[in-house]
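Me: Could you take me slowly through one part of this structure, and then show me what else can be said about how the chain packs? I would like a connected explanation that I can follow with the picture open.

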Amino acid sequence: EEVAMLPTAAKKSSAGTRQQFRAGEPMDERDSARTWECLKNAIHQIHQHNASSLSFEELYRNAYNLVLHKYGELLYNGVQGVVADHLKEVAQSCIDCPDDRLLEELKRQWDDHKTTMVMIRDILMYMDRNFVSQYKKVPVYEMGLIIFRENVSGHPRVRSRLLTLMLNNISAERLGEQVDRILLKHTVSMLVELGVQGKNVYRECFEDQFLDATRKFYQDESSQYISQNTCSDYLRKAEMRIREERARVENYVHESTMDKIQELCDEEWIMSHYKTLIQMENSGCAWMFAHDKVQDLERMYRLFSRVPTTLKEVQRVMMDCICESGRDILNDPEKVKDPVSFISAILTLKQKFDQFVKESFKESKEFQLTLKQAFESFLNRDTRTAQYLSLYVDDMFRKGLKGMSSDVEIDASLEHVVTVFRFLQDKDVFENFYKQHLARRLLMGRSVSDEAEKSMISKLKSECGHQYTSKLEGMFQDMKLSEDLMRQYKSSYAGAGPSRSRPSSAAPAASSAGAIDLKVSVLTS
């Protein structure tokens, strides 16, 4: 059954690999030595690329007989020695190879070694399944990897040159030169595959030194770049370098390095310089807010989100910018004289930072909270804000809504008022002023739209509850009751007029009295 599992090449035969025994025949030391010599010669042929002349079926049977007759140790140690001797010659060819061809030579020898070890493993399949398993030896293929690791890739005169060549290639690529990524990927794969039996060759022979070199490179580059460029330029450079390192891992560095290299980039490009970037006088965070640099702030947010603690400083600057702009409005003598101009300036400021929160900071909950706290902070320092907001609404209902054609436009204007209302701590003060102004509008008939008035009250009700708007709603009920009473009065007066008997001399006076347009409105709220 074992023979049936061999590759097609097992069908081929030659005199050099004749089967030494028939099944069941005993084997002494002389026979075992002859059998091993036959296998040894066959392995030499495999190393010399003459495998096509061999009968793998006979070789398999010879190895099977050696293990069956308790000569597994002879076979295992013999194979180990033959492979080691061959790889010492391979190592010498790599040592003699000039630097500009070393990676290609290693690739050729490594591919060749893996191919030959697969053939040898197939011949020794029975030994792997029985002797190796029973005595807890290293399987044949892995044994070949270890010997290659010790004699070739790990040779002092190969290992150091290999590392230097790989790091130099990566450094050259960072500087814009073209490198052979396929060859580098092959070299990395070799180091990963050599990591058998608990040894991490990739990390020991490449990754640790690669990360150290990368850190040093970016420490120098980031420090130099920040001293010579604006904040926006630095952010673009950092973004590009982080993207390049990700692509490098995707192209040829092993995937296990991805998190490490990304964390390293975050430390050197972001964590080490984020305060300096934010505080840059003519290009930093405050400057970006002042000059509406939505995209630059978006890039800053995207990068700093990789190290979330750095965003606290951006939030602090945003808070300071809002409060400073708010204080400018509160202290502007022209705006303080005009409630409409005062509230319009606040709404403009709010819309400006709403855009930052939405587009730059992707509606982050933390930045929404910062915006809320900032507006609450400066708006509630001045007790006039509640009164001025009510006066702004009064002006809007008397004049401001006239130019608006659609309900959507009107609703948006009302919503802007509500956003400022939410920041007020003195909501009762606002309610008192709003009640007075609403009463004047209703009694004097100066409101542009009753529907808009009711919509505004509905929004206030949603914010503060039924109790808050009950008196305001009561005013509309009073107005409706007054209209009903006047309608009844006029109807009854008109019905009684013709049936009355009046002196003819009084007719002009009655006619004159009937011409009076009487309107009475009463608000009890």
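**A close look at Asp31, the core and a helix pair**

Reply: Asp31 is found in helix H1, which covers residues 29-47, and everything that follows refers to a predicted model. Asp31 has a relative accessible area of 13% and therefore counts as buried, since the cut-off for that word is under 20%. Although Asp31 and Leu66 are 35 residues apart in sequence, their C-alpha atoms are 9.3 Å apart in space.

Leu66 leads on to Leu75, because Leu66 is one of the residues that Leu75 touches, the others being Trp36, Leu39, Ala63, Val67, Leu124 and Met127, when residues up to four places away in sequence are not counted. Leu75 also belongs to the largest nonpolar core, which holds 154 residues, and there Leu75, Phe206, Phe289, Met300 and Phe304 touch the most other members. Helix H3 (residues 72-96) gives this core its largest share, eleven residues.

Farther along the chain, helix H21 (residues 427-444) packs with helix H22 (residues 450-464) at an angle of about 165°, and their axes lie 13 Å apart. H21 and H22 are therefore roughly antiparallel to each other, as angles over 145 degrees are counted in that way. H21 passes H22 in a left-handed crossing. From H21, the contact is made by Lys427, Phe430, Tyr434, Leu438 and Arg441, while H22 brings Glu453, Met456, Ile457, Leu460 and Cys464. Sorted by character, the residues of this contact are seven nonpolar, three charged and no polar.

How values were computed: Residues are numbered from 1 along each chain as its sequence is written. This is a predicted model: local features need pLDDT of at least 70, side-chain atom pairs count only at pLDDT 80 or more; totals for chains, interfaces and linings use all residues. Side-chain values use heavy atoms; hydrogens and water are left out. Axes are lines fitted to C-alpha atoms, for helices over the stretch in contact, and angles run from 0 to 180 degrees between N-to-C directions. Helices (H or I, at least four residues) and strands (E, at least two) are DSSP runs, numbered from the N terminus. Angles under 35 degrees count as roughly parallel, over 145 as roughly antiparallel, 65 to 115 as roughly perpendicular and the rest as oblique. A crossing is left-handed if the near helix is turned anticlockwise from the far one by less than a right angle, and right-handed if clockwise. Contact means heavy atoms within 4.5 Å. Ala, Val, Leu, Ile, Met, Phe, Trp, Tyr, Cys and Pro count as nonpolar, Asp, Glu, Lys and Arg as charged, and the others, Gly among them, as polar. Buried means under 20% relative accessible area, exposed over 50%, partly exposed in between (1.4 Å probe, protein chains only). A nonpolar core is a set of buried Ala, Val, Leu, Ile, Met, Phe, Trp, Tyr and Cys residues joined through side-chain atoms within 4.5 Å.
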